[in-house]
Amino acid sequence: MHNVNRIALIGGIYSNYHALVATLADISCRGADATFFLGDLGAFGPHPDRVPALLIERGIGGIQGNYEESLASGSADCNCGYTDPRDNEYAQISYDYTSENTSGVYKRWMGTLPKEIRLEINGHRVLLSHGSPRRINEFLWRSTSPDPFLHRLGDEHGADVIVCTHTGLHWHKALGGKRHVVNAGVIGRPANDGRTNVWYTMLTIGAEASVEFIPVDYDHAALAAEMRAERLPEEFIQTIESGWWTTCLEALPPKERSAGRF
Amino acid sequence: MMSLDTLWFQVAGTICNITCTHCFISCSPKNHSHEMLSLADVEIRLAEARELGVREYYFTGGEPFLNRDMIPILAATLRQGPATVLTNGMLLRREICRQLRELADGSEYSLDIRVSLDGFDAATHDAIRGAGVWERVMIGLRNLAEEGINPSITVTEAAEGIASSDGRARFLELIRSFGFDRPRLKVLPLFRIGAEASRTRAYADWERIETLSDADAGVLQCSTCRMVTSKGVYVCPILIDADDARMGNSIAETLRPFPLAHGACHTCWVTGMSCTT
């Protein structure tokens, strides 16, 4: 891409259009040459049509997550990649609500989105993926993604800078030379840290790449009220209000799990 | 072989302080068919794994904490990636748990402990694992809890009713009663080899995979794991008593598909199980 060296990256949105509005305003304020979403537009939140409507209206491009892949193909579940029945129980509630309330036109649009985006920025090969470059629902947690493994992913997929989301927790590793791996986090729910804000990522690439994680405050009370009106599970709402994850916790590795309240 | 993500170490060989009646590799105090691995043995394979970009490391036996090098082995591993130890929980003394806590806190990678139970109470557990074992495991679990380590509890289907959702719910409550407010549970199928073949029955001839597409074979754990023992590198953690499952001396020699000819392969396929957490 020409004349682009600063891109805003929006991880899982989870139907949190209040956070999306606030994030886009923040990006406008700071200035970015391009903005991309990384998939999982729907999940825990209410009124799943509002996020795709807003992204299309603003002309923002991005990639499929497992949610878009499942919704577009008419799959019976989200293919989130959980293995514990407790995680899957809540994932199913979330997916069923999202599927029932997403219009066919948006489901078809989701199916047209690419699974990955490759950019060439100032000599850096940047790869935008959802879970990982090799699997849409792979969890790249910081504490279970050692450097040699990340180098392998970069080598096998021809990428200097790998960007992903899916886990919900943002992190960045500079692995030497041009190689970076960035989990952009999510704006759909807080980062399991007891704070209500969400996070997006600004990636700047000049001679070298740098990564900034940006906290975004938004009207989480309004989101919580709408979730209650839609009779979504109280556990999902508690996360929005408290900043602590209450569901889909069994997938977390010990280090990430012990940092949360539940 | 699609991708080597998980490297297992048979770190205690087949040497164990108990003799479980369902053990698929018949571990016991006297079974030396695979010997313990030394720190040096492990370090050689860690170096190879680093070059191959392995993602995670698992340690099993036998009983890993019988290995006197276990703490240094974990320290070396956690400098390189995340580690999980599978234990019967009997040797989790206060000092060991304190050292595990220190290792976990000192690494950027996760350290996970998995403790095996085989029933909802002492009577059913000890019927498989031996008299007095439950009581010793309870002490080990208490020591882990005091160090703030939340283990994953692994239960085989030898525990009656565990496979049902009601059974799982009851077991989660049981784990909670041990002092873990975030109970973790993994249920494993039984493999009809080793001691288990005598306890119940061996595999029948029909219990084999007939044909499997490459994509389907790709979901089996043997497409992403290998097992290091004192005798070489094997296809997976289950088949270390099968001569044909020894695939090479080094990890690099084993990165090829394995013929899915064993009854255990059938169990992996029909249950969708993985030995990883």
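This is a short chat about a predicted model with chains A and B.

Student: Before we start, how are the residues and chains labelled, and what does the model count?
Tutor: Residues are numbered from 1 along each chain as its sequence is written, while chains are lettered from A and ligands numbered from 1 in the order in which they are written. The model is predicted, so local features need pLDDT of at least 70 and side-chain atom pairs count only at pLDDT 80 or more, whereas totals for chains, interfaces and linings use all residues.

Student: Thanks! In chain A, what is the order of the strands in the open sheet?
Tutor: The five strands run β3-β2-β1-β9-β10, with mixed pairing. Strands here are DSSP E runs of at least two residues, helices are H or I runs of at least four, and both are numbered from the N terminus. Two strands pair if DSSP finds at least two bridges between them.

Student: And which are the edge strands?
Tutor: β3 (61–62) and β10 (209–216) of chain A, each pairing on one side only.

Student: Which helix packs on that sheet?
Tutor: Helix α1 (residues 17–30) of chain A, which touches β1, β2, β9 (198–205) and β10 of chain A. Its direction makes about 130° with that of β10(A). Axes are lines fitted to C-alpha atoms, for helices over the stretch in contact, and angles run from 0 to 180 degrees between N-to-C directions.

Student: How many bridges join β1 and β2 in chain A?
Tutor: Four, between residues 6–10 of β1(A) and residues 34–37 of β2(A), and the two strands run parallel. A:Leu9 stands opposite A:Phe36 there.

Student: Switching to chain B, how many helices and strands are there?
Tutor: Nine helices and nine strands. The radius of gyration of chain B is 18 Å, close to the 19 Å from the globule rule for 277 residues, so chain B is as compact as a globular protein of that length. That radius is taken over C-alpha atoms, and the rule is 2.2 Å times the number of residues to the power 0.38.

Student: What share of chain B is buried?
Tutor: Buried residues make up 46% of the 277. Buried stands for 20 or more other C-beta atoms within 10 Å of a residue's own, exposed for 12 or fewer, and partly exposed for in between, with C-beta atoms placed from the backbone.

Student: Where does β2 of chain B stand on that, enclosed or not?
Tutor: Five of the five residues of β2(B) (56–60) are buried, so the strand is largely enclosed by the rest of the structure. B:Glu56, B:Tyr58 and B:Thr60 point one way, and B:Tyr57 and B:Phe59 the other. Five bridges join β2(B) to β1(B) (residues 6–10), and the two run parallel. B:Glu56 is the bridge partner of B:Thr6.

Student: Back to both chains: how many residues of A are in contact with B?
Tutor: 13 residues of chain A are in contact with 17 of chain B, where contact has C-beta atoms, placed from the backbone, within 7 Å.

Student: Which elements of chain A give two or more residues to that side?
Tutor: α6 (147–156) and α9 (254–258) of chain A. The largest share, four residues, comes from α6(A). By class, that side of chain A has seven nonpolar, three polar and three charged residues. Ala, Val, Leu, Ile, Met, Phe, Trp, Tyr, Cys and Pro count as nonpolar, Asp, Glu, Lys and Arg as charged, and the others, Gly among them, as polar.

Terms used
Contact = placed C-beta atoms within 7 Å.
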